[in-house]
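Here is a walk through one model, written for someone who would rather have distances and angles than adjectives. Have the viewer open as you read.

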Amino acid sequence: MTRQIQLRLPSLPARDLALLDEGRHPDAFAVLGRHTVGDVTVVRAFLPGANYAELLAGEEHGAVAMIGQGNGLFEAPAPAEGPYRLRVAWPGGITESADPYSFGLLLSEDDIYLFAEGRHFDLATRLGANLRMIDGVEGVLFAVWAPNASHVAVVGDFNGWDGRRHPMRRRLGPGVWELFIPSVEAGAVYKYAITAASGEHLPWKADPLARRTETPPRTGSVVAAPAEFNWSDEAWLAHRERAHPMAEPMACYEVHVGSWLRTEWGQMGSWDEAVDRLIPYLQHMGFSHVELMPITEHPFGGSWGYQPLGMYAPTARLGPPEAFARFVDRCHAAGIGVILDWVPAHFPSDEHGLARFDGSALYEHEDPREGFHRDWNTLIYNVGRREVRGFLIASALWWVETFHLDGLRVDAVASMLYRDYSRLPGEWVPNQYGGRENLEAVSFFQELNTLIGARGRGAVTIAEESTAWAGVTSPVHHGGLGFHFKWNMGWMHDTLRFFARDPIHRGHHGDDVTFGLLYAFSENFVLPISHDEVVHGKGSLLSRMPGDDGQRFANLRLCLALMWSHPGKKLLFMGCEFGADEEWNVDAPFPWPHPDDARRRGAMQLVRDLNALYRSTPALHRLDHAPEGFAWVIADDRANSVFAFRRSGGADTPDILVVANMTPVPRHDYRIGVPRSGLWRERLNSDAGVYGGADIGNGGQCRTSPAARHGQRQSLSLTLPPLGLLVLEHDSAGRQG
């Protein structure tokens, strides 16, 4: 039974009430909750819009009707100690919960200190919205960094999106605000209502640490359930931890999951659909890894994920976080590694995002000469600020540790390393020594890679670095950046330029094929034919190839076969494996070839066989990043435009001979010196009929004869297919003499 009270309560100063009503009070905990004034203990609650409120403080006290003081303030006398609850009648119903302003400090001093130092690498379990039980009460602990704000409140579907209802408490130190709201559950949608130091009410901000979001174009953050998943990949992780990634085969299929799954009716698909469709395809094609274009939540689908705001949240477009975890787990069960494109270089300026988050340049630089990308119309993270640096590194660790990812491909590394990136003289700020190197970015990458190495259980990092910056894949203790691999953009540009030429001119441009071997072992390279090469008017990979239809497909097969036999790990963008006609369109259905399209089916079969050959042949991957794994045999036959080289996997493995004819003219009785006499078998012929070729070759094998060539005492007389590549391996069982 509710008791009415007659006791005169201490009055709240009108100024405090006005600030609460305006959503500007700098310290709501100083006036709300339980307070003792003189000999009277009172509970105050600010409940704008409520019709009625009761204080419940134990059975012996029962329910006490709270006195409404106007503008939403309710007060009642209370016991000096012990728990209490508030029962509130709203226009839409009655709620009952503990008082958010009855709880003490929530984040530990260690949490605050480590965040300020940029060293809190379990940040997603502290900041953001985390389900908690505090003093036996279930709810959500909200915490956000906004050091220059004068006021921060949580708004959401649990408080009618009223910025007056749940003002937060500012902790001393780096400017973290916190609030525990009882009874809020997973799935609740929320944002932060922030007032700048100037008193300006900013647009409501999504949570930078949100682990789940609404589906775009909606922009709300969503309270995520704990990141708990029944993983079944311990054996996979244990093997990965023991493996030496440089010596392992790595053939990555780069995919934009939404458009790969997209149907002609426009549906994007889901992670569960990717389990059913994408994983079997990867297995069938023999790729060792799938590289996902960014799935960190992003507001604009046309950015393909490369302008993310949710650095801790898998995009809601494809399903909840647990569905993504399920996809990774099933990939591992199928023997497929998962690499994520991760973007720490920049972020979009959408008003609900990180831009001027608390009314100041918080995540970005204040000076646009340091903080604005004109090329991409985005803002640049200030990685020299400890809290920002820690935010990004904790994001990387979150993906690797929580979702068991096998690697991160770090986007736009060059744009971070150079202060003058895409800037004219006078448009950039030199470093402290007057140079163009971004020393803060160097330090950031070194710390990132050191921590991934220490905590990632064998996960790798891959740099998209397009310049000649030295030591990208050198160890940090040797002064390098510490990445495991670097995209070989020079090889990609040279190779695509060479294959775009009419074959009649290729003999004059052999440097495009050979130049990359001058530096091929200076870094640990990945050979990338990525999405960037089939967009923005560049056309598809097939469309770059000269000649009639038959020659275009022969060139495509030759290009791919050369790539798979060349030193370096492999990356191929979706659709290139079968020769898509048009360049990639994120909004279009994936252009699967017709079952009767023999040329495209043949190209797919070639890629499948290349992957099988690559994985089963140590000479093609074991010494990928060592000069002793490669030797030119023919690099100067300009008249015939023929190239030949040997690949080695060490003394315990047979060498591989690779011969490429870059013209549409077959070469008969073409002699190549080899180090071993006897039978050499054709492991692969890119002109085979099963691939859509003319089936010109050597009948699957060839024997040496004692005719000296290329510094060897014996040689092979080969028929070289037009626009074709041969891979031959010595057969020790068939050795003669």
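## Cysteines first

The cysteine sulfur closest to that of Cys-331 belongs to Cys-252, and at 12 Å the two are too far apart for a bond. Keep in mind that this is a predicted model. Cys-331 is also buried, with 0% relative accessibility. What about Cys-559, buried or exposed? Cys-559 is buried too, at a relative accessible area of 1%, and its sulfur sits 9.2 Å from the closest cysteine sulfur, that of Cys-576. That is again too far for a bond, because a disulfide needs two cysteine sulfurs within 2.5 Å. The disulfide count comes to zero.

## The barrel and its helices

Next, the barrel. Eight strands close up in the order S17-S18-S21-S25-S26-S27-S28-S29, with parallel pairing. On average, neighbouring strands of this sheet are turned by 25 degrees against each other, direction ignored.

For a look at one pairing, take S17 (residues 251-255) and S18 (residues 289-292): they run parallel and are joined by four bridges. Val-255 stands opposite Leu-292 in S18. Helix H11 (residues 489-500) packs on the sheet, where it touches strands S27 (485-487) and S28 (525-529). The direction of H11 makes about 40 degrees with that of S28. Helix H8, for its part, lies across S21 and S25 and runs at about 160 degrees to S21.

Helix H10 (residues 439-455) deserves a stop of its own. Its 17 residues reach 24 Å from first C-alpha to last, close to the 24 Å expected at 1.5 Å a residue. At the N-terminal end, Asn-438 acts as the cap, with a side-chain oxygen 3.2 Å from the backbone nitrogen of Glu-440. After the helix comes Arg-457, which has a positive phi near 50 degrees.

Which residues of H10 are buried? They are Ala-441, Val-442, Phe-444, Phe-445, Gln-446, Glu-447, Leu-448, Asn-449, Leu-451 and Ile-452. The cover over these residues includes strands S21 (337-342), S25 (407-410) and S26 (460-463), along with helices H8 (386-402) and H9 (413-417).

## Antiparallel pairs

Away from the parallel barrel order, there is an open sheet of three strands, S22-S24-S23, with antiparallel pairing. Its edge strands are S22 (346-347) and S23 (372-373), each pairing on one side only. S22 and S24 (residues 378-380) pair over two bridges, and the bridge partner of His-346 in S24 is Ile-380.

Further along the chain is S36 (residues 714-720), a mostly covered strand in which six of the seven residues are buried. S36 pairs with S33 (residues 667-674) and also with S35 (residues 701-705). Here are three antiparallel pairs side by side, each with one residue pair to click on.

| Strand pair | Bridges | A facing residue pair |
|---|---|---|
| S33 and S36, antiparallel | six bridges | Val-674 and Gln-714 |
| S35 and S36, antiparallel | two bridges | Ser-705 and Ser-715 |
| S22 and S24, antiparallel | two bridges | His-346 and Ile-380 |

## Two loop residues

Two residues in loops round this off. Asp-162 is found between strands S12 (149-156) and S13 (169-170). Why does Asp-162 count as buried? Its relative accessible area is 16%, and the cut-off for buried is under 20%. A polar atom of the Asp-162 side chain lies 2.9 Å from the backbone nitrogen of Arg-164. Leaving out residues up to four places away in sequence, Asp-162 touches Pro-48, Val-154 and Val-155.

Met-268 sits in the loop between helices H4 (257-261) and H5 (271-285). With 23% relative accessibility, Met-268 counts as partly exposed. Its contacts, again not counting residues up to four places away in sequence, are Val-257, Gly-258, Leu-261, Arg-262, Arg-317 and Leu-318. For a sense of scale, Met-268 and Ser-349 are 81 residues apart in sequence and 26 Å apart in space, C-alpha to C-alpha.

How values were computed: Residues numbered from 1 in each chain as written. Predicted model: local features only at pLDDT ≥ 70, side-chain atom pairs only at ≥ 80, totals over all residues. Heavy atoms only, no water. Buried < 20%, exposed > 50% of the residue type's maximum accessible area, 1.4 Å probe, protein only. Pairing = 2+ DSSP bridges. Expected span 1.5 Å × (residues − 1). Contact = heavy atoms within 4.5 Å. Polar contact = N/O pair within 3.5 Å; in protein donor to acceptor, adjacent residues only side chain to side chain. Axes fitted to C-alpha atoms, helices over the stretch in contact; angles between N-to-C directions.
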